[in-house]
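Here are some exercises to work through with the model open beside you. Try each task before you read its solution.

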Amino acid sequence: MRRLKAGAVSQFINGKVCESTTNERSRVIDPSNGATVAEVSLAGSDEVKLAVQAAQDAFPAWSRATPAERSAVLARFAAVLEEHAEELAQLETRQAGKPIRLTREFDVPGTIDNTAFFAGAARNLEGKATAEYSADHTSSIRREAIGVIGSISPWNYPLQMAAWKILPAIAAGNTIVLKPAEITPLTSVAFAEAATEAGLPDGVVNVITGRGSTVGAELMRHPDVAMLSFTGSTRVGRSVLEAAATTAKRVHLELGGKAPFVVFDDADLEAAIHGAVAGSLINSGQDCTAATRAIVHRSLYEDFIDGVAELYGRVRLGPTMDPATDMGPLVSMKHRDEVAGMVERARGYARVIGGGTPEGELAAGSYYRPTLVADAAPESEIFRDEVFGPVLAVTPFEDDDEALALANDTPYGLAASAWTKDVYRALRATREIRSGCVWINDHIPIISEMPHGGMKQSGFGKDMSTYSFDEYTAVKHVMYDLTAQKAKAWHRTVFSLEGQQ
Ligand code: NAD
(Lines give C-alpha, C1' and ligand atoms only; values in the text may rest on other atoms or scores of the structure.)
Protein backbone atom coordinates (compact mmCIF):
# COMPACT_ATOMS: atom_id res chain seq x y z
CA MET A 1 0.00 0.00 0.00
CA ARG A 2 2.56 2.47 -1.21
CA ARG A 3 0.04 5.32 -1.57
CA LEU A 4 -0.72 5.43 2.15
CA LYS A 5 2.47 7.37 2.62
CA ALA A 6 2.57 9.39 -0.61
CA GLY A 7 0.97 12.76 -1.17
CA ALA A 8 -0.80 12.22 -4.50
CA VAL A 9 -3.49 9.64 -5.21
CA SER A 10 -4.40 8.32 -8.63
CA GLN A 11 -6.71 5.77 -10.16
CA PHE A 12 -6.40 2.08 -9.39
CA ILE A 13 -7.22 0.22 -12.59
CA ASN A 14 -6.32 -3.34 -13.59
CA GLY A 15 -4.14 -3.86 -10.53
CA LYS A 16 -2.06 -0.77 -11.19
CA VAL A 17 -1.84 2.82 -10.15
CA CYS A 18 -2.37 5.14 -13.10
CA GLU A 19 -2.69 8.87 -13.54
CA SER A 20 -5.92 10.10 -15.02
CA THR A 21 -5.97 11.67 -18.47
CA THR A 22 -7.97 14.69 -17.30
CA ASN A 23 -5.14 16.59 -15.59
CA GLU A 24 -7.85 17.60 -13.14
CA ARG A 25 -6.88 17.46 -9.49
CA SER A 26 -8.64 17.96 -6.21
CA ARG A 27 -7.39 18.16 -2.65
CA VAL A 28 -8.41 15.89 0.20
CA ILE A 29 -8.79 18.09 3.25
CA ASP A 30 -8.39 17.07 6.90
CA PRO A 31 -11.71 18.30 8.36
CA SER A 32 -10.17 18.76 11.80
CA ASN A 33 -7.75 21.52 10.73
CA GLY A 34 -8.19 22.33 7.04
CA ALA A 35 -4.76 20.91 6.09
CA THR A 36 -4.26 19.15 2.76
CA VAL A 37 -3.93 15.38 3.24
CA ALA A 38 -3.40 14.45 -0.40
CA GLU A 39 -3.89 15.56 -3.98
CA VAL A 40 -6.15 13.38 -6.06
CA SER A 41 -6.07 13.11 -9.82
CA LEU A 42 -9.71 13.00 -10.88
CA ALA A 43 -10.99 10.39 -13.27
CA GLY A 44 -12.69 11.28 -16.51
CA SER A 45 -14.48 9.40 -19.23
CA ASP A 46 -11.34 7.50 -20.26
CA GLU A 47 -10.85 6.08 -16.78
CA VAL A 48 -14.47 4.91 -16.60
CA LYS A 49 -14.03 3.04 -19.88
CA LEU A 50 -10.64 1.58 -18.91
CA ALA A 51 -11.86 0.45 -15.49
CA VAL A 52 -15.02 -1.20 -16.84
CA GLN A 53 -12.97 -2.90 -19.57
CA ALA A 54 -10.49 -4.21 -16.98
CA ALA A 55 -13.33 -5.53 -14.85
CA GLN A 56 -14.95 -7.15 -17.86
CA ASP A 57 -11.69 -8.82 -18.91
CA ALA A 58 -11.13 -10.16 -15.40
CA PHE A 59 -14.66 -11.54 -15.07
CA PRO A 60 -14.41 -14.89 -16.93
CA ALA A 61 -11.46 -16.21 -14.92
CA TRP A 62 -12.57 -14.80 -11.56
CA SER A 63 -16.15 -16.01 -11.89
CA ARG A 64 -14.87 -19.50 -12.75
CA ALA A 65 -12.37 -19.61 -9.87
CA THR A 66 -13.49 -22.18 -7.32
CA PRO A 67 -15.05 -20.91 -4.11
CA ALA A 68 -11.98 -22.26 -2.31
CA GLU A 69 -9.68 -20.18 -4.51
CA ARG A 70 -11.70 -17.02 -3.94
CA SER A 71 -11.84 -17.77 -0.24
CA ALA A 72 -8.07 -18.18 -0.02
CA VAL A 73 -7.46 -14.75 -1.60
CA LEU A 74 -9.94 -13.12 0.78
CA ALA A 75 -8.32 -14.78 3.79
CA ARG A 76 -4.93 -13.40 2.72
CA PHE A 77 -6.60 -10.03 2.12
CA ALA A 78 -7.82 -9.97 5.74
CA ALA A 79 -4.26 -10.71 6.90
CA VAL A 80 -2.79 -7.90 4.75
CA LEU A 81 -5.35 -5.45 6.15
CA GLU A 82 -4.43 -6.55 9.66
CA GLU A 83 -0.77 -5.76 8.93
CA HIS A 84 -1.74 -2.26 7.74
CA ALA A 85 -4.40 -1.64 10.40
CA GLU A 86 -2.74 1.33 12.05
CA GLU A 87 -1.89 3.05 8.74
CA LEU A 88 -5.48 2.60 7.58
CA ALA A 89 -6.86 3.98 10.85
CA GLN A 90 -4.69 7.08 10.60
CA LEU A 91 -5.52 7.66 6.96
CA GLU A 92 -9.26 7.28 7.60
CA THR A 93 -9.01 9.66 10.55
CA ARG A 94 -7.21 12.28 8.49
CA GLN A 95 -9.43 12.23 5.42
CA ALA A 96 -12.82 11.90 7.16
CA GLY A 97 -12.22 13.73 10.46
CA LYS A 98 -12.98 10.70 12.61
CA PRO A 99 -11.48 10.41 16.10
CA ILE A 100 -8.62 7.92 16.03
CA ARG A 101 -10.31 5.86 18.75
CA LEU A 102 -13.26 5.31 16.40
CA THR A 103 -11.16 4.28 13.39
CA ARG A 104 -8.90 2.02 15.52
CA GLU A 105 -11.74 0.35 17.38
CA PHE A 106 -14.59 0.37 14.85
CA ASP A 107 -13.87 1.25 11.19
CA VAL A 108 -10.70 -0.78 10.70
CA PRO A 109 -11.45 -3.86 12.85
CA GLY A 110 -14.96 -3.93 11.35
CA THR A 111 -13.48 -3.93 7.85
CA ILE A 112 -11.00 -6.70 8.68
CA ASP A 113 -13.74 -8.81 10.27
CA ASN A 114 -15.97 -8.28 7.23
CA THR A 115 -13.15 -9.42 4.96
CA ALA A 116 -12.54 -12.53 7.08
CA PHE A 117 -16.28 -13.21 7.11
CA PHE A 118 -16.51 -13.14 3.31
CA ALA A 119 -13.47 -15.42 3.06
CA GLY A 120 -15.66 -18.04 4.76
CA ALA A 121 -18.92 -17.04 3.11
CA ALA A 122 -17.39 -17.38 -0.38
CA ARG A 123 -17.60 -21.16 0.13
CA ASN A 124 -21.22 -21.11 1.27
CA LEU A 125 -23.46 -20.04 -1.59
CA GLU A 126 -26.83 -21.70 -1.10
CA GLY A 127 -29.81 -22.77 -3.17
CA LYS A 128 -32.75 -25.16 -3.05
CA ALA A 129 -32.03 -28.89 -2.98
CA THR A 130 -31.54 -30.53 -6.35
CA ALA A 131 -34.63 -32.74 -6.66
CA GLU A 132 -37.37 -34.20 -8.88
CA TYR A 133 -40.03 -31.52 -8.36
CA SER A 134 -41.60 -32.99 -11.54
CA ALA A 135 -41.48 -36.78 -11.85
CA ASP A 136 -39.98 -36.44 -15.34
CA HIS A 137 -37.19 -33.98 -14.47
CA THR A 138 -34.38 -33.26 -12.12
CA SER A 139 -34.12 -29.58 -11.21
CA SER A 140 -31.09 -27.90 -9.81
CA ILE A 141 -30.11 -24.35 -8.93
CA ARG A 142 -26.98 -22.55 -10.04
CA ARG A 143 -26.05 -19.33 -8.28
CA GLU A 144 -23.97 -17.31 -10.70
CA ALA A 145 -22.03 -14.10 -10.58
CA ILE A 146 -23.72 -11.24 -12.41
CA GLY A 147 -20.77 -9.56 -14.13
CA VAL A 148 -19.26 -6.10 -13.71
CA ILE A 149 -20.67 -4.24 -10.72
CA GLY A 150 -20.65 -0.43 -10.85
CA SER A 151 -20.55 0.84 -7.30
CA ILE A 152 -20.69 4.25 -5.67
CA SER A 153 -20.01 4.95 -2.01
CA PRO A 154 -20.41 7.93 0.40
CA TRP A 155 -17.95 9.81 2.60
CA ASN A 156 -19.21 8.98 6.07
CA TYR A 157 -17.53 5.56 6.47
CA PRO A 158 -15.28 5.52 3.39
CA LEU A 159 -13.31 2.35 4.25
CA GLN A 160 -16.24 0.35 5.58
CA MET A 161 -18.49 1.36 2.70
CA ALA A 162 -15.83 0.30 0.18
CA ALA A 163 -15.58 -3.02 2.01
CA TRP A 164 -19.35 -3.51 2.17
CA LYS A 165 -19.63 -2.92 -1.59
CA ILE A 166 -16.54 -4.82 -2.76
CA LEU A 167 -16.44 -7.92 -0.54
CA PRO A 168 -19.78 -9.65 -1.25
CA ALA A 169 -19.48 -8.75 -4.92
CA ILE A 170 -16.09 -10.40 -5.41
CA ALA A 171 -16.73 -13.27 -2.98
CA ALA A 172 -19.60 -14.27 -5.28
CA GLY A 173 -17.35 -14.10 -8.37
CA ASN A 174 -18.18 -10.65 -9.75
CA THR A 175 -15.70 -7.95 -10.68
CA ILE A 176 -16.21 -4.34 -9.64
CA VAL A 177 -15.53 -0.69 -10.39
CA LEU A 178 -15.96 1.46 -7.28
CA LYS A 179 -16.21 5.23 -7.24
CA PRO A 180 -15.77 6.51 -3.69
CA ALA A 181 -16.95 9.98 -2.62
CA GLU A 182 -14.61 12.56 -4.13
CA ILE A 183 -13.72 14.09 -0.75
CA THR A 184 -12.67 10.80 0.89
CA PRO A 185 -11.12 8.46 -1.72
CA LEU A 186 -7.87 7.51 0.06
CA THR A 187 -8.79 4.39 2.02
CA SER A 188 -10.86 2.97 -0.85
CA VAL A 189 -7.77 3.09 -3.07
CA ALA A 190 -5.66 1.66 -0.23
CA PHE A 191 -8.21 -1.14 0.24
CA ALA A 192 -7.96 -2.11 -3.45
CA GLU A 193 -4.17 -2.00 -3.30
CA ALA A 194 -4.20 -4.29 -0.26
CA ALA A 195 -6.41 -6.75 -2.17
CA THR A 196 -3.84 -6.84 -4.99
CA GLU A 197 -1.04 -7.28 -2.46
CA ALA A 198 -2.99 -10.30 -1.15
CA GLY A 199 -3.05 -11.87 -4.62
CA LEU A 200 -6.37 -10.73 -6.03
CA PRO A 201 -6.07 -10.95 -9.83
CA ASP A 202 -5.72 -7.66 -11.70
CA GLY A 203 -8.98 -6.08 -12.81
CA VAL A 204 -11.21 -7.77 -10.22
CA VAL A 205 -11.33 -4.58 -8.12
CA ASN A 206 -10.87 -1.16 -9.71
CA VAL A 207 -11.26 2.22 -8.02
CA ILE A 208 -11.80 5.45 -9.89
CA THR A 209 -11.65 8.71 -7.99
CA GLY A 210 -13.82 11.41 -9.46
CA ARG A 211 -16.99 13.45 -9.23
CA GLY A 212 -20.40 11.86 -8.84
CA SER A 213 -22.21 14.03 -11.32
CA THR A 214 -19.69 13.23 -14.09
CA VAL A 215 -17.81 9.92 -13.72
CA GLY A 216 -20.31 8.52 -11.23
CA ALA A 217 -23.18 9.15 -13.61
CA GLU A 218 -21.18 7.76 -16.54
CA LEU A 219 -20.29 4.59 -14.64
CA MET A 220 -23.96 4.07 -13.76
CA ARG A 221 -24.96 4.33 -17.43
CA HIS A 222 -22.15 2.23 -18.90
CA PRO A 223 -23.73 -0.52 -21.03
CA ASP A 224 -21.24 -3.17 -19.85
CA VAL A 225 -22.01 -2.59 -16.19
CA ALA A 226 -24.49 -5.29 -15.22
CA MET A 227 -25.48 -4.12 -11.77
CA LEU A 228 -25.42 -0.88 -9.77
CA SER A 229 -24.76 -0.89 -6.08
CA PHE A 230 -25.08 2.51 -4.45
CA THR A 231 -24.80 3.85 -0.91
CA GLY A 232 -25.61 7.51 -0.43
CA SER A 233 -28.48 9.95 -0.24
CA THR A 234 -32.02 9.15 -1.30
CA ARG A 235 -31.84 12.06 -3.75
CA VAL A 236 -28.90 10.60 -5.71
CA GLY A 237 -30.35 7.10 -5.26
CA ARG A 238 -33.29 8.17 -7.41
CA SER A 239 -30.93 9.19 -10.23
CA VAL A 240 -29.21 5.80 -9.93
CA LEU A 241 -32.58 4.14 -10.51
CA GLU A 242 -33.08 6.27 -13.62
CA ALA A 243 -29.61 5.33 -14.93
CA ALA A 244 -30.38 1.66 -14.32
CA ALA A 245 -33.39 1.89 -16.58
CA THR A 246 -31.15 2.61 -19.60
CA THR A 247 -30.02 -1.02 -19.88
CA ALA A 248 -32.35 -2.65 -17.29
CA LYS A 249 -29.55 -3.11 -14.76
CA ARG A 250 -30.02 -4.77 -11.42
CA VAL A 251 -29.92 -2.22 -8.56
CA HIS A 252 -29.00 -2.33 -4.89
CA LEU A 253 -29.64 0.90 -2.96
CA GLU A 254 -28.59 1.82 0.58
CA LEU A 255 -29.98 5.30 1.18
CA GLY A 256 -30.71 7.81 3.90
CA GLY A 257 -32.23 7.27 7.32
CA LYS A 258 -33.97 9.08 10.17
CA ALA A 259 -33.90 6.51 12.92
CA PRO A 260 -36.49 6.67 15.71
CA PHE A 261 -35.34 6.01 19.28
CA VAL A 262 -38.47 5.06 21.27
CA VAL A 263 -38.29 5.22 25.07
CA PHE A 264 -41.30 3.56 26.74
CA ASP A 265 -42.33 4.46 30.30
CA ASP A 266 -40.83 1.27 31.78
CA ALA A 267 -37.39 1.78 30.16
CA ASP A 268 -34.16 1.86 32.15
CA LEU A 269 -33.77 5.64 31.88
CA GLU A 270 -30.03 5.71 32.49
CA ALA A 271 -29.41 3.07 29.82
CA ALA A 272 -31.61 5.00 27.40
CA ILE A 273 -29.69 8.22 28.07
CA HIS A 274 -26.33 6.53 27.46
CA GLY A 275 -27.75 4.85 24.36
CA ALA A 276 -29.12 8.11 22.98
CA VAL A 277 -25.82 9.94 23.43
CA ALA A 278 -23.73 7.18 21.83
CA GLY A 279 -26.34 6.46 19.17
CA SER A 280 -26.70 10.09 18.11
CA LEU A 281 -23.05 11.20 18.30
CA ILE A 282 -21.23 8.26 16.73
CA ASN A 283 -19.16 9.56 13.81
CA SER A 284 -20.42 13.07 14.74
CA GLY A 285 -23.93 11.89 13.87
CA GLN A 286 -22.91 11.26 10.25
CA ASP A 287 -24.30 7.75 10.36
CA CYS A 288 -27.32 6.67 8.37
CA THR A 289 -28.57 4.59 11.33
CA ALA A 290 -27.82 7.23 14.00
CA ALA A 291 -30.51 7.95 16.58
CA THR A 292 -32.07 11.15 15.32
CA ARG A 293 -35.67 11.18 16.57
CA ALA A 294 -36.09 10.44 20.28
CA ILE A 295 -39.74 9.63 20.99
CA VAL A 296 -39.99 9.60 24.76
CA HIS A 297 -42.90 8.81 27.11
CA ARG A 298 -44.19 11.96 28.78
CA SER A 299 -43.40 10.58 32.29
CA LEU A 300 -39.64 10.34 31.44
CA TYR A 301 -39.46 13.23 28.99
CA GLU A 302 -37.82 16.02 31.01
CA ASP A 303 -35.49 13.63 32.88
CA PHE A 304 -34.38 12.18 29.54
CA ILE A 305 -33.66 15.64 28.14
CA ASP A 306 -31.73 16.67 31.27
CA GLY A 307 -29.70 13.44 31.24
CA VAL A 308 -28.80 13.63 27.54
CA ALA A 309 -27.95 17.34 27.77
CA GLU A 310 -25.71 16.70 30.77
CA LEU A 311 -23.83 13.87 29.03
CA TYR A 312 -23.61 15.86 25.76
CA GLY A 313 -21.86 18.57 27.77
CA ARG A 314 -19.21 16.06 28.87
CA VAL A 315 -18.38 14.81 25.35
CA ARG A 316 -14.88 15.98 24.48
CA LEU A 317 -14.37 17.60 21.09
CA GLY A 318 -10.71 17.65 20.17
CA PRO A 319 -7.95 16.94 17.65
CA THR A 320 -8.82 13.74 15.82
CA MET A 321 -5.40 12.11 16.31
CA ASP A 322 -5.70 12.47 20.10
CA PRO A 323 -6.96 9.17 21.60
CA ALA A 324 -8.72 11.16 24.34
CA THR A 325 -11.01 12.89 21.80
CA ASP A 326 -14.60 11.65 21.86
CA MET A 327 -16.05 13.50 18.89
CA GLY A 328 -14.43 14.90 15.76
CA PRO A 329 -15.58 17.51 13.24
CA LEU A 330 -18.17 17.16 10.52
CA VAL A 331 -16.77 16.09 7.18
CA SER A 332 -16.48 19.60 5.68
CA MET A 333 -17.19 23.26 6.37
CA LYS A 334 -19.96 23.13 3.77
CA HIS A 335 -21.68 20.26 5.56
CA ARG A 336 -21.12 21.91 8.97
CA ASP A 337 -22.88 25.04 7.70
CA GLU A 338 -25.83 22.99 6.45
CA VAL A 339 -26.19 21.31 9.85
CA ALA A 340 -25.88 24.68 11.63
CA GLY A 341 -28.51 26.15 9.31
CA MET A 342 -31.04 23.46 10.22
CA VAL A 343 -30.39 24.00 13.94
CA GLU A 344 -30.74 27.79 13.55
CA ARG A 345 -34.10 27.36 11.84
CA ALA A 346 -35.19 24.99 14.63
CA ARG A 347 -34.63 27.77 17.21
CA GLY A 348 -37.72 29.39 15.74
CA TYR A 349 -40.03 26.50 16.64
CA ALA A 350 -38.31 24.31 19.27
CA ARG A 351 -36.11 24.39 22.38
CA VAL A 352 -32.45 24.09 21.32
CA ILE A 353 -29.95 22.94 23.97
CA GLY A 354 -26.23 23.06 23.07
CA GLY A 355 -25.00 23.40 19.49
CA GLY A 356 -22.74 26.01 17.95
CA THR A 357 -19.15 25.93 16.81
CA PRO A 358 -16.19 25.84 19.20
CA GLU A 359 -13.63 28.64 19.41
CA GLY A 360 -9.85 28.46 19.84
CA GLU A 361 -7.69 25.74 18.34
CA LEU A 362 -10.69 23.84 16.96
CA ALA A 363 -12.00 26.82 14.98
CA ALA A 364 -9.95 25.80 11.91
CA GLY A 365 -11.87 22.50 11.77
CA SER A 366 -15.53 21.91 10.86
CA TYR A 367 -16.59 21.08 14.42
CA TYR A 368 -20.14 21.40 15.69
CA ARG A 369 -21.20 20.80 19.27
CA PRO A 370 -23.74 18.12 20.26
CA THR A 371 -27.23 19.58 20.01
CA LEU A 372 -30.54 18.57 21.54
CA VAL A 373 -33.71 19.95 19.95
CA ALA A 374 -36.55 19.41 22.43
CA ASP A 375 -40.29 19.85 21.79
CA ALA A 376 -39.72 19.41 18.06
CA ALA A 377 -43.11 18.92 16.43
CA PRO A 378 -43.31 15.67 14.43
CA GLU A 379 -43.94 17.62 11.22
CA SER A 380 -41.00 20.02 11.73
CA GLU A 381 -37.93 20.00 9.45
CA ILE A 382 -35.56 18.86 12.21
CA PHE A 383 -37.82 15.91 13.03
CA ARG A 384 -38.46 14.82 9.45
CA ASP A 385 -35.35 15.54 7.35
CA GLU A 386 -31.92 13.92 7.54
CA VAL A 387 -29.54 16.31 9.40
CA PHE A 388 -26.48 14.02 9.34
CA GLY A 389 -24.84 15.77 12.27
CA PRO A 390 -24.67 15.55 16.10
CA VAL A 391 -28.29 16.60 16.53
CA LEU A 392 -31.04 14.72 18.37
CA ALA A 393 -34.64 15.89 18.10
CA VAL A 394 -36.95 14.90 20.97
CA THR A 395 -40.72 14.73 21.19
CA PRO A 396 -43.03 13.28 23.87
CA PHE A 397 -45.80 10.67 23.54
CA GLU A 398 -48.70 9.52 25.72
CA ASP A 399 -49.39 5.89 24.73
CA ASP A 400 -47.78 3.01 22.82
CA ASP A 401 -49.97 3.41 19.73
CA GLU A 402 -48.87 7.02 19.38
CA ALA A 403 -45.19 6.12 19.89
CA LEU A 404 -45.20 3.48 17.17
CA ALA A 405 -47.17 5.72 14.79
CA LEU A 406 -44.58 8.49 15.31
CA ALA A 407 -41.73 6.02 14.77
CA ASN A 408 -43.23 5.03 11.41
CA ASP A 409 -44.22 8.54 10.35
CA THR A 410 -41.22 9.02 8.03
CA PRO A 411 -40.40 8.19 4.43
CA TYR A 412 -37.25 6.43 5.71
CA GLY A 413 -36.97 2.92 7.16
CA LEU A 414 -33.34 2.03 7.82
CA ALA A 415 -33.00 1.47 11.57
CA ALA A 416 -34.83 2.04 14.85
CA SER A 417 -34.58 1.20 18.52
CA ALA A 418 -37.07 0.61 21.32
CA TRP A 419 -36.24 0.88 25.01
CA THR A 420 -38.38 -1.20 27.39
CA LYS A 421 -38.18 -4.00 29.98
CA ASP A 422 -41.52 -5.43 28.84
CA VAL A 423 -41.00 -8.34 26.45
CA TYR A 424 -44.45 -7.89 24.87
CA ARG A 425 -43.80 -4.22 24.11
CA ALA A 426 -40.43 -5.17 22.65
CA LEU A 427 -42.03 -7.81 20.46
CA ARG A 428 -44.69 -5.38 19.29
CA ALA A 429 -42.08 -2.75 18.43
CA THR A 430 -39.98 -5.21 16.42
CA ARG A 431 -43.08 -6.33 14.52
CA GLU A 432 -44.61 -2.93 13.83
CA ILE A 433 -41.69 -0.58 13.18
CA ARG A 434 -41.02 -0.57 9.43
CA SER A 435 -37.24 -0.55 9.17
CA GLY A 436 -34.42 -2.85 8.11
CA CYS A 437 -33.16 -3.20 11.68
CA VAL A 438 -34.77 -2.80 15.11
CA TRP A 439 -32.59 -2.83 18.21
CA ILE A 440 -34.05 -3.53 21.65
CA ASN A 441 -32.30 -1.63 24.46
CA ASP A 442 -29.37 -0.66 22.25
CA HIS A 443 -28.75 1.42 19.13
CA ILE A 444 -25.98 1.19 16.47
CA PRO A 445 -24.19 -2.20 16.79
CA ILE A 446 -23.69 -4.10 13.55
CA ILE A 447 -22.15 -7.50 12.94
CA SER A 448 -20.74 -9.16 9.82
CA GLU A 449 -23.08 -12.17 10.01
CA MET A 450 -26.25 -10.04 9.98
CA PRO A 451 -27.67 -7.98 7.10
CA HIS A 452 -27.77 -4.20 6.88
CA GLY A 453 -30.28 -2.52 4.60
CA GLY A 454 -33.42 -0.46 4.48
CA MET A 455 -37.13 -0.43 3.79
CA LYS A 456 -39.23 2.35 2.28
CA GLN A 457 -37.13 5.22 0.87
CA SER A 458 -34.04 3.98 2.71
CA GLY A 459 -33.57 1.63 -0.23
CA PHE A 460 -33.56 -2.09 -0.85
CA GLY A 461 -31.10 -4.94 -0.80
CA LYS A 462 -28.67 -5.99 1.91
CA ASP A 463 -25.04 -5.30 2.70
CA MET A 464 -22.95 -7.67 4.86
CA SER A 465 -23.95 -11.28 5.78
CA THR A 466 -24.78 -14.05 3.33
CA TYR A 467 -28.03 -12.18 2.52
CA SER A 468 -25.89 -9.86 0.40
CA PHE A 469 -25.34 -12.77 -2.00
CA ASP A 470 -29.00 -12.41 -3.00
CA GLU A 471 -28.01 -9.06 -4.52
CA TYR A 472 -24.74 -10.12 -6.13
CA THR A 473 -25.78 -13.45 -7.66
CA ALA A 474 -28.32 -14.49 -10.26
CA VAL A 475 -30.27 -17.67 -9.62
CA LYS A 476 -30.42 -20.02 -12.58
CA HIS A 477 -32.77 -22.99 -12.77
CA VAL A 478 -31.35 -26.00 -14.69
CA MET A 479 -33.84 -28.75 -15.63
CA TYR A 480 -32.76 -32.19 -16.87
CA ASP A 481 -35.15 -34.53 -18.69
CA LEU A 482 -35.31 -37.94 -17.03
CA THR A 483 -37.50 -39.80 -19.51
CA ALA A 484 -35.30 -39.97 -22.62
CA GLN A 485 -38.57 -40.03 -24.62
CA LYS A 486 -38.64 -38.45 -28.07
CA ALA A 487 -42.17 -37.21 -27.50
CA LYS A 488 -42.69 -36.12 -23.92
CA ALA A 489 -46.03 -36.53 -22.19
CA TRP A 490 -46.51 -32.76 -21.92
CA HIS A 491 -46.13 -32.29 -25.72
CA ARG A 492 -49.83 -33.34 -25.96
CA THR A 493 -50.69 -29.80 -24.90
CA VAL A 494 -49.12 -28.49 -28.12
CA PHE A 495 -49.56 -31.24 -30.74
CA SER A 496 -51.10 -34.69 -30.95
CA LEU A 497 -49.25 -37.77 -32.16
CA GLU A 498 -52.37 -39.99 -31.98
CA GLY A 499 -52.75 -42.23 -34.99
CA GLN A 500 -49.04 -42.12 -35.83
CA GLN A 501 -47.02 -45.34 -35.87
P1 NAD B 1 -24.44 11.55 -1.81
O2 NAD B 1 -25.67 10.85 -2.29
O3 NAD B 1 -24.34 13.00 -2.00
O4 NAD B 1 -23.15 10.94 -2.53
C5 NAD B 1 -22.89 9.55 -2.48
C6 NAD B 1 -22.02 9.18 -3.67
O7 NAD B 1 -22.76 9.43 -4.87
C8 NAD B 1 -20.72 9.98 -3.78
O9 NAD B 1 -19.68 9.10 -4.20
C10 NAD B 1 -21.04 10.97 -4.89
O11 NAD B 1 -19.89 11.37 -5.61
C12 NAD B 1 -21.96 10.16 -5.77
N13 NAD B 1 -22.85 10.95 -6.64
C14 NAD B 1 -23.33 12.20 -6.43
N15 NAD B 1 -24.12 12.56 -7.46
C16 NAD B 1 -24.13 11.53 -8.34
C17 NAD B 1 -24.77 11.29 -9.59
N18 NAD B 1 -25.57 12.20 -10.15
N19 NAD B 1 -24.58 10.11 -10.19
C20 NAD B 1 -23.80 9.16 -9.62
N21 NAD B 1 -23.16 9.34 -8.45
C22 NAD B 1 -23.33 10.49 -7.81
O23 NAD B 1 -24.27 11.09 -0.29
P24 NAD B 1 -23.12 11.53 0.73
O25 NAD B 1 -23.41 12.93 1.12
O26 NAD B 1 -21.79 11.17 0.20
O27 NAD B 1 -23.40 10.54 1.96
C28 NAD B 1 -24.36 10.78 2.90
C29 NAD B 1 -25.64 10.03 2.56
O30 NAD B 1 -25.37 8.63 2.47
C31 NAD B 1 -26.68 10.17 3.64
O32 NAD B 1 -27.94 10.37 3.04
C33 NAD B 1 -26.64 8.81 4.35
O34 NAD B 1 -27.82 8.47 5.01
C35 NAD B 1 -26.32 7.89 3.23
N36 NAD B 1 -25.75 6.63 3.71
C37 NAD B 1 -26.53 5.52 3.70
C38 NAD B 1 -26.02 4.31 4.18
C39 NAD B 1 -26.86 3.06 4.19
O40 NAD B 1 -26.32 2.01 4.44
N41 NAD B 1 -28.16 3.15 3.95
C42 NAD B 1 -24.70 4.25 4.64
C43 NAD B 1 -23.94 5.41 4.62
C44 NAD B 1 -24.46 6.60 4.15
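The exercises below use a predicted model and go from an annotated residue to a sheet and then to salt bridges.

**Exercise 1. Find the residue that UniProt marks with the feature "active site", and decide whether it is buried or exposed.**

Solution. Start with the record: the unreviewed UniProt entry places "active site" at E254. Next, locate E254 in the fold, where it belongs to strand β12, residues 250-254. Then check its accessibility: buried means under 20% relative accessible area, and E254 is buried because its value is 3%. Finally, look at its surroundings, leaving aside neighbours within four places in sequence: the contacts of E254 include K165, F230, H452, K462 and D463.

**Exercise 2. Work out the strand order of the open sheet formed by 7 strands, and place helix α9 against it.**

Solution. Trace the strands from one side to the other, and you get β15-β16-β17-β14-β13-β18-β19, with mixed pairing. At the edges sit β15 (351-354) and β19 (437-440), each pairing on one side only. Neighbouring strands of this sheet are turned by 20° against each other on average, direction ignored.

Now zoom in on one pair: β13 (residues 259-263) and β14 (residues 291-297) run parallel and are joined by 5 bridges. Within that pair, F261 has A294 of β14 as its bridge partner. Last, add helix α9 (residues 269-281), which lies across β13, β14, β17 and β18 and runs at about 170° to β13.

**Exercise 3. Which parts of the chain does the salt bridge between R101 and D326 tie together?**

Solution. First take the distance: the two side chains meet at 3.0 Å, N to O. Then assign each residue to its element: R101 is in helix α4 (residues 100-121), while D326 is in the loop between α10 and α11, so the pair ties together parts 225 residues apart in sequence. As for accessibility, R101 is partly exposed at 33%, and D326 is partly exposed at 34%.

**Exercise 4. Which helices hold D401 and R428, and which residues does a network of salt bridges join?**

Solution. Begin with the pair itself: the side chains of D401 and R428 form a salt bridge of 2.7 Å, N to O. D401 is in helix α13 (residues 400-408) and R428 in helix α14 (residues 423-432), so parts 27 residues apart in sequence are tied together. R428 counts as partly exposed, with 24% relative accessibility. For the network, follow the salt bridges that share partners: they join D265, D266, D400 and R425. To close, the structure holds 29 salt bridges.

Definitions and conventions
Residues are numbered from 1 along each chain as its sequence is written. This is a predicted model: local features need pLDDT of at least 70, side-chain atom pairs count only at pLDDT 80 or more; totals for chains, interfaces and linings use all residues. Side-chain values use heavy atoms; hydrogens and water are left out. UniProt positions are given in the numbering used here, feature names are shortened, and annotations may be inferred rather than shown by experiment. Helices (H or I, at least four residues) and strands (E, at least two) are DSSP runs, numbered from the N terminus. Buried means under 20% relative accessible area, exposed over 50%, partly exposed in between (1.4 Å probe, protein chains only). Contact means heavy atoms within 4.5 Å. Two strands pair if DSSP finds at least two bridges between them. Axes are lines fitted to C-alpha atoms, for helices over the stretch in contact, and angles run from 0 to 180 degrees between N-to-C directions. A salt bridge is a side-chain nitrogen of Lys or Arg within 4 Å of a carboxyl oxygen of Asp or Glu.
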